[in-house]
Amino acid sequence: MLDFIRANQHLTGTKTGCREGDCGACTVLVGEWADGLMHYRSMTSCLMPLGNAKGRHIVTIEGLNRPNTLNVVQQAMVDEGGTQCGFCTVGFVVSLAGYCLSHKDPTPQQGIASIDGNICRCTGYKSIERAVDRISTALRERPAPTDALPWLVQQGFLPDYFAQIPQRMAQLEAPGANGLHATGIHTDASTDAVLVGGGTDLYVQRPETMRHAAVRHVFRADEQPPVWREDDIVSIGGACTAAQLGESPVLLDHFPDLPAHLKLVSSTPIRNMGTLAGNLINASPIGDLTIWFLALDAQLVFFRDNVRRIVPLRDLYRGYKTLNKHPHDVLESLFFTLPRPGAQFRFEKVCKRTYLDIASVNSAALIETDGDRIHRAELSVGGVAPVPLYLARTSAFLAGKPLNPHTLEEANAIAQTEISPIGDVRGSVAYKRLLVRQLLKAHFATFLSETHNLS
Amino acid sequence: MHNQVIGKPISRVDGRAKVTGKAKYAAEFTAPDLLHGVVVSSTITKGRITHIDTGDALALDGVVKVFTHQNRPKLAWFDMSYKDLDAPPGSPFRPLHNDRIKYNGQPVALVVAETFEQARYAASLVKIEYAQEPHETDLQHHLDTARKPASGLASLLKPPPPKARGNFDKAFTEAPVQLSTGYVHGFEHHNPMELFSSTVVYGKDGKLTIYDKTQGAPNSQFYVSQVFNIPFRDVRVVSPYVGGGFGSGLRPQYQLFLAVMAARELKQSVRVSLTRQQMFTFGHRPATVQHIDLGAQPDGTLDALRHAATAETSRFEDYIEVVVNWSGALYKAPNAQFDYNVVPLDQYTPLDMRAPGGVTGMSAIECAMDELSYKLGMDPLELRLKNYTEEDPNEKRPFSSKQLRACYQQAAERFGWTKRSPEPRSMREGHTLIGWGMATGVWDANQLPARAEAVLTVNGKLRVSSATADIGTGTYTIMTQIAADTLGLPLEDVLFRLGDTDMPLAPFQGGSLTAGTVGSAVKIVCEDLGKELLKLARKMPNSPFAKAKFDDVFFVEKQMRLKADPSVRIDLQTLVDQNGGRAIRTTATSMTNSLKQGKYTRYAHSAVFVEVQVDEDLGTVKVTRAVTAVAAGRILNPKTARSQIIGGMVWGISKALEEETVMDHRYGRFMNHNLAEYHVPVCADIHELDVLFVEEHDDVVNPLGVKGVGEIGIVGMPAAIANAIFHATGKRVHELPITLDKLM
């Protein structure tokens, strides 16, 4: 998308900063027409396969410019000194336009969250934060999503043509018509074509081969929500993005901390693109969502030659990036059983940067207690083995044990025998081992009384 | 000068172009039939290329040529021709010169194709075989080979270590309180957001117009002219917008050489852009090992000070920076010794990076002073004030101005320093350890000669130009302000242009010297224009200005007025109309007053106070609050100046906690050469930052009395943070950045 915008469309406002989705200089907005509304999300165009644009409204900075005058976001950025060298600026402006177009409440916190994938090397961000405050104030009167677009145009947030976009989008063929289903794969899967979801890992790791590979794209389909529930089984489509996970009422009901967890996963534009299946199949030993679902004992539904096969996530990883899966197996969805009421689900990630970072160590825990005994504890850790690791023996040990620091020390001793970290830029072996201990304790901290000293 | 806009928080005049995406950077200019070049980088660190197979690459549609050392054109013979205006002593790196590999990531081929995609794919098909030789890249393992750096022209702005004073050995041995300590930091890369790119437009007559990412268009022009033996007039370098520099654009980078070579050989326009990975294959802040000895009286008076530094450089050039001099200028210790050495290794030559040497040396001395304060049981700020000096002990001369004491006082008050409990680990809240630390910052306030042109057009608009740069600093804006006030025009009637070698010569943008240097040229050229206007006024019939001298008039509200009687006035438009339908044009050079300036040490100063929170269980550090007070002479624009200081402070946070290029010395290769793992702060890492500008008058530094503010913001931050972390945790980390693992 980035090359198409700059080289074919000669729109050079969108900048090339890293081609790896790390800096946000190439951010564009991608609008989808669904449920009678436009839904705009920010994405990094450097990692977006052009095919993913099908049926979507792609907005670059040029598409946000108003004739002869600045839009509200741009004016706030100029007035507050939010631009210095200017190279990252356009990405910030586009992300903040996404904030203006979002259906969430226009709070400064949401505004700041919208730029969590944009790096600025000059300003130190404070001037941009002031611009966000101004924009948030200007958005205070924004009406409900159904009426927001004309209002945003009228108030000078957007150029006039945005008001006609819903009509124009409604006339487009539904993107899913010839493509793949967001929640299930309905086309012939026995092909060597690479299945591309958001592309956020594939285009970083294999940019040259991906350029020449046959690819199949995944499209959203309206009929099925990305996350659905039957009794106490929750299913999630393989093409569900990290952002969609965080918006799912089903998940939010049972995992109230999910938004806080997802904030630690890459950045807004990447969460808007990257899919659950992509995260699991990419098999990174440190994949955040992988660790999350390992603790929930998720079951994967693979589809090939019109046959479905169920594989526990815990059996998927055989070695570094080696999968218990046929190359033509397509990860259609996963499902898991909801934890029993009162269970705690925790996710911790330690990294050098607050957000937009790869973990040194991450860990998830599902904890069910009976009084002061552990009924069930399911622990997973990332970054300490060639694969994302379910701590099978540690988890088994904890079942039925009393909740006290002694139990945790014993559990740690077992966990230390399950992990095999290597020293790298994210930390030394000793540090990662220490982190596993600390995270184990952090998971149980809320259960322990004040008298148990964690450190 | 009647100050209408100088000193006011004017918004950036280039803001509109930048927020709309209309500002064009080096890779965004184009030409008919533009070809695209992609660089192939060496995968070994030292050795020879034994074989290059370009067959697969050349067989692809659209691939025009693959340049290697085997087929490159003949170029300038002598090293001299490859020395750009900022080259350190040595023999500059020549891309595609021969089969030798001198460092990992060295450019070894340029693939040129009709589209960028074709070139990029073809580049992946070039097969290169090497004969590897053992390499040395680890500074700490080769300290025994340290030697004095060669000196050259660069020492003009980078003085060698000061001469020893008193008798250090004796004073240190006899000092009742002694401290010997050391500090280390690794490689850092500038990583401006914009990737290095050059678009070379090949003119019909073979003349070149080059859009280059550079902090000094004249330097790129000089380099191209020398290397390719082209007259200056046939090379024009244009660089109106630069997506960040921080020093990386002080020297021409290899994409410029490669793009010009390809364009000349193919007689066609060529663009070469580097990748983010390749942004780690040229200059960097050098890894440095420092040692400091301090000897003090129980009351804190410093008797003895020794500061020694050893930094890495390449095998081919001796990069130097000023690391140890700052300690000697800041503290009046009567017995002092300084030493600075380099260790040549198999890597690219280091390059000035924001406050080069300054932030390095000050981080060490200000941490050492903090260590000493605990040894003495003395407040760290008290210790600084105890050893405060009004005279530069290195040069035994006064400072042109030094409001550092006011910086300490005002920043400490704003921060609430008196509420600090001195004991380490004494300010915890649950599992969060809180620490307060402080440090000092110092940076040069240099001025160089510069030229500028001013034109008052027939419709009364002022156009001023100078071949300087604006790498995000605010040059466009402050120069517009200076010009507007000098000739009494509103901002909207003034257009300042820069970044073009067709404009009058100015030095590159670096060392925080643009405001004083180019600002002086703009002031003088506008005054000269004012003098021309006065001449026109005097020639008018019955002119009330007939006997007026330039000192008798002033300019305000688009008019020239008599100081003695401001009701005597004339519109500038009327004066232009007197010029026979022609614009009025002046060119001027601002010279430095070396005689006067040489009598003074000219520095900007800062005091930094920082609060950190450390998670006791995980080692994560947050800088929750920082106050910097800056004394930098006159502040031309508090809005852009504040941005510069805040930006510098965030660089300081980055240097203290996040930023480091980590090398795997087995391969001599950087492991984290991308923005995912070369950490620079994200918005969520940055909390409360406060900036105070302390009033400071200085009529020595330059005619405007300004000291640059691009660098002073970073200088004191890393030490203040490290000191706050010690106060929080009781743990003294001697190696930057202080990552979580070092605190556990």
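A nonpolar core is a set of buried Ala, Val, Leu, Ile, Met, Phe, Trp, Tyr and Cys residues joined through side-chain atoms within 4.5 Å. The model used in these exercises is predicted.

**Exercise 1. The nonpolar cores**

Find which residues touch the most other members of the largest nonpolar core, and which element gives the core its largest share.

Solution.
- Step 1. The largest core has 327 residues, and those touching the most other members are Ile236(A), Phe293(A) and Leu462(B).
- Step 2. Helix 12 of chain B, residues 514–539, gives this core its largest share, 11 residues.
- Step 3. Another core, of 19 residues, lies apart from the largest one; Val38(B), Val66(B), Val111(B) and Ile128(B) are among its members.
- Step 4. Leaving aside residues up to four places away in sequence, the residues that Leu462(B) touches include Leu456(B), Leu487(B), Val494(B), Cys526(B) and Leu529(B). Asp493(B) is also one of the residues touched by Leu462(B).

**Exercise 2. The interface of chains A and B**

Describe the contact between chain B and chain A by residues, area and polar pairs.

Solution.
- Step 1. Chain B brings 73 residues to the contact and chain A brings 66 residues.
- Step 2. The two chains bury about 5,800 Å² between them, with 59% of it on carbon and sulfur atoms. Of the area that chain B buries against chain A, 13% comes from Val19(B), Met193(B) and Cys683(B), more than from any other three residues.
- Step 3. There are 6 salt bridges between chain B and chain A. Glu677(B) pairs in this way with Arg426(A), with 2.8 Å between the closest N and O atoms. Polar contact across the interface involves 29 residue pairs, both residues at pLDDT 80 or more.
- Step 4. On the side of chain B that touches chain A, helix 15 supplies the largest share, 9 residues. By class, this side has 30 nonpolar, 24 polar and 19 charged residues.

**Exercise 3. Helix 2 of chain A**

Identify the buried residues of helix 2 of chain A (residues 72–79), and state what they pack against.

Solution.
- Step 1. At the start of the helix, a side-chain oxygen of Asn71(A) comes to within 3.0 Å of the backbone nitrogen of Val73(A).
- Step 2. Val73(A), Gln74(A), Ala76(A), Met77(A) and Val78(A) are the buried residues of the helix.
- Step 3. These buried residues pack against helix 3 (89–101) and helix 5 (126–138) of chain A, and also against helix 1 of chain B.
- Step 4. Just after the helix, Gly81(A) has a positive phi of about 75°.

**Exercise 4. Two salt bridges within chain B**

For the pairs Arg100(B)–Glu133(B) and Lys655(B)–Glu188(B), work out which parts of the chain are tied together and whether the partners are buried or partly exposed.

Solution.
- Step 1. Arg100(B) and Glu133(B) form a salt bridge of 3.1 Å, N to O. Arg100(B) is in strand 4 and Glu133(B) in the loop between strand 6 and helix 4, so the pair joins parts 33 residues apart in sequence.
- Step 2. Relative accessible area is 23% for Arg100(B) and 28% for Glu133(B). Buried means under 20% and exposed over 50%, so values in between count as partly exposed. Arg100(B) is therefore partly exposed, and Glu133(B) is partly exposed too.
- Step 3. Lys655(B) and Glu188(B) form a salt bridge of 2.6 Å, N to O. Lys655(B) belongs to helix 15 and Glu188(B) to the loop between strand 7 and strand 8, so this pair ties together parts 467 residues apart in sequence.
- Step 4. Lys655(B) is buried at 1% relative accessible area, and Glu188(B) is buried at 3%.

Conventions:
Residues are numbered from 1 along each chain as its sequence is written. Chains are lettered from A and ligands numbered from 1 in the order in which they are written. This is a predicted model: local features need pLDDT of at least 70, side-chain atom pairs count only at pLDDT 80 or more; totals for chains, interfaces and linings use all residues. Side-chain values use heavy atoms; hydrogens and water are left out. Buried means under 20% relative accessible area, exposed over 50%, partly exposed in between (1.4 Å probe, protein chains only). Helices (H or I, at least four residues) and strands (E, at least two) are DSSP runs, numbered from the N terminus. Contact means heavy atoms within 4.5 Å. Buried area is the accessible area (1.4 Å probe) that two parts lose on being put together, summed over both. A salt bridge is a side-chain nitrogen of Lys or Arg within 4 Å of a carboxyl oxygen of Asp or Glu. A polar contact is a pair of N or O atoms within 3.5 Å; within protein, one must be able to donate a hydrogen and the other to accept it, and residues adjacent in sequence count only if both atoms are side-chain atoms. Ala, Val, Leu, Ile, Met, Phe, Trp, Tyr, Cys and Pro count as nonpolar, Asp, Glu, Lys and Arg as charged, and the others, Gly among them, as polar.
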